[in-house]
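Here is a short briefing on one protein chain. Please look over the sequence and the structure before reading the points.

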Amino acid sequence: MTEQKDKSRASKSFENLIKVKDHVPVGLPEILKSPHVSEGPGRIANSPVPSIFQDDRGEIHRLRVGHRRMNVLYSKEGVMRSGYLHPHKMNDFVVSGKVEVWTLSEAGTLKTPYGAQEFFVLDPYTPHILHFLEDTVILEFWDGPFSCWYYHPYRRLVQLQNSLVENTTGLLQHLVPQDNRNESSGSNRSSLFWWSAGVVMGIAVGAVLATTGGRGRRFNS
């Protein structure tokens, strides 16, 4: 309990240290000209699909269903992700757990919690943080090709917060070959599993959206 309180106090202290001195044009391509923004890591956009990335924060499952690129994220309680902005709308469905979504607006940082079976949308060119209040699984996809930029005030906070919850710096990545025609039957079975998992996830999300009539809470910049 004491350790959790210390982490919470430290996180608030970090947040108070991060100030933005200029007016950032949130929601517009002009935000890319801000000194607080720089091009994001190409390794994310160029990661093999399908693949699984694992570290102390959790897992990122990168999938492609039809022509749609999707990520399924498992994140542990206390973890922060992102600190990015994207040129296309980002759509997220909370499968389980609870996440607090931070978005930058002209009034400052807005924080809104989302729980299981809730859907939210992040508008283009809107800096954001995902702060996981519980162990959480999220499905996310974009309305265009994936790319990202760092928003450094948020990215620094993400890195500082995660330094409190990560125990090791080790990374482990399992990759599934994208073309298994010359692979063994075992690899073929693995590829079939990934394909089936993607189809099932797509059907599940489609069913939820159909049931709710596509309704969900939306972040407008």
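The points below run from the whole chain to single side chains.

This is a predicted model. The chain has 221 residues, and 43% of them count as buried. Its secondary structure comes to four helices and 14 strands.

**Whole chain**

- The accessible surface comes to about 12,000 Å². Carbon and sulfur atoms hold 54% of that surface.
- Take the contacts in the chain with a separation of 6 or more. Residues 24 or more positions apart account for 75% of them.
- A search of the whole structure finds four aromatic pairs. The search for salt bridges finds two.

**Strand β11 and its partners**

- Strand β11 covers residues 136–142. This strand is mostly covered, with six of its seven residues buried.
- Strand β4 (residues 68–75) pairs with β11. The sense is antiparallel, and the pairing runs over six bridges.
- Strand β6 (residues 90–96) also pairs with β11. Here too the sense is antiparallel, over six bridges.
- Which residue of β11 is the bridge partner of M70? The partner is F141.
- N91 also stands opposite F141 in β11.

**Aromatic pairs and charges over rings**

- A pair of aromatic rings is described by the distance of the centres and the angle of the planes.
- Two of the pairs are described here, beginning with one from the search that found four aromatic pairs. Y84 and Y150 form a tilted pair. Their ring centres are 5.7 Å apart, with 45 degrees between the planes.
- This pair links distant parts of the chain. Y84 is in strand β5 (residues 80–85), and Y150 is in strand β12 (residues 149–151). The two are 66 residues apart.
- Why do Y84 and Y150 count as buried? The cut-off for buried is under 20% relative accessible area. Y84 has 11%, so Y84 is buried. Y150 has 18%, so Y150 is buried as well.
- W142 and F146 form an edge-to-face pair. The centres are 4.6 Å apart, and the planes make an angle of 75 degrees. Both W142 and F146 are buried.
- F146 has a charge over its face: R69 lies there, at 5.5 Å from the ring centre.
- W102 has one too: K111 lies over the face of W102, at 3.9 Å from the ring centre.

**Salt bridges**

- Side chains of opposite charge can pair when their charged atoms come close.
- D55 and R57 meet through their side chains in a salt bridge, at 2.7 Å from N to O. Are these two residues buried or exposed? Both D55 and R57 are buried.
- K89 and D143 form a salt bridge as well, at 3.9 Å from N to O.
- The K89 and D143 pair links distant parts of the chain. K89 is in the loop between β5 and β6, and D143 is in the loop between β11 and β12. They are 54 residues apart.
- Partly exposed means between 20% and 50% relative accessible area. K89 has 26%, so K89 is partly exposed. D143 has 43%, so D143 is partly exposed too.

**Around R57: N162 and E166**

- N162 is in helix α3 (residues 152–165). At 5% relative accessibility, N162 counts as buried.
- N162 and R57 are 105 residues apart along the chain. Their C-alpha atoms are separated by 7.7 Å.
- Which residues does N162 touch, not counting those up to four places away in sequence? They are R57, V79 and M80.
- E166 is in the loop between α3 and β13 (172–175). At 31% relative accessibility, E166 counts as partly exposed.
- E166 and R57 are 109 residues apart in sequence. In space they are 6.7 Å apart, C-alpha to C-alpha.
- E166 touches D55, D56 and R57, leaving out residues up to four places away in sequence.
- R57 is thus a shared point in this part of the briefing. N162 touches R57, E166 touches R57, and D55 meets R57 in a salt bridge.

Terms used:
Residues numbered from 1 in each chain as written. Predicted model: local features only at pLDDT ≥ 70, side-chain atom pairs only at ≥ 80, totals over all residues. Heavy atoms only, no water. Buried < 20%, exposed > 50% of the residue type's maximum accessible area, 1.4 Å probe, protein only. Contact = heavy atoms within 4.5 Å. Phe/Tyr/Trp six-rings, centres within 6.5 Å; stacked < 30°, edge-to-face > 60°. Lys NZ or Arg CZ within 6 Å of the ring centre and 35° of its normal. Pairing = 2+ DSSP bridges. Areas by Shrake-Rupley, 256 points an atom, 1.4 Å probe, with all protein chains shown as cover. Salt bridge = Lys/Arg side-chain N within 4 Å of Asp/Glu carboxyl O.
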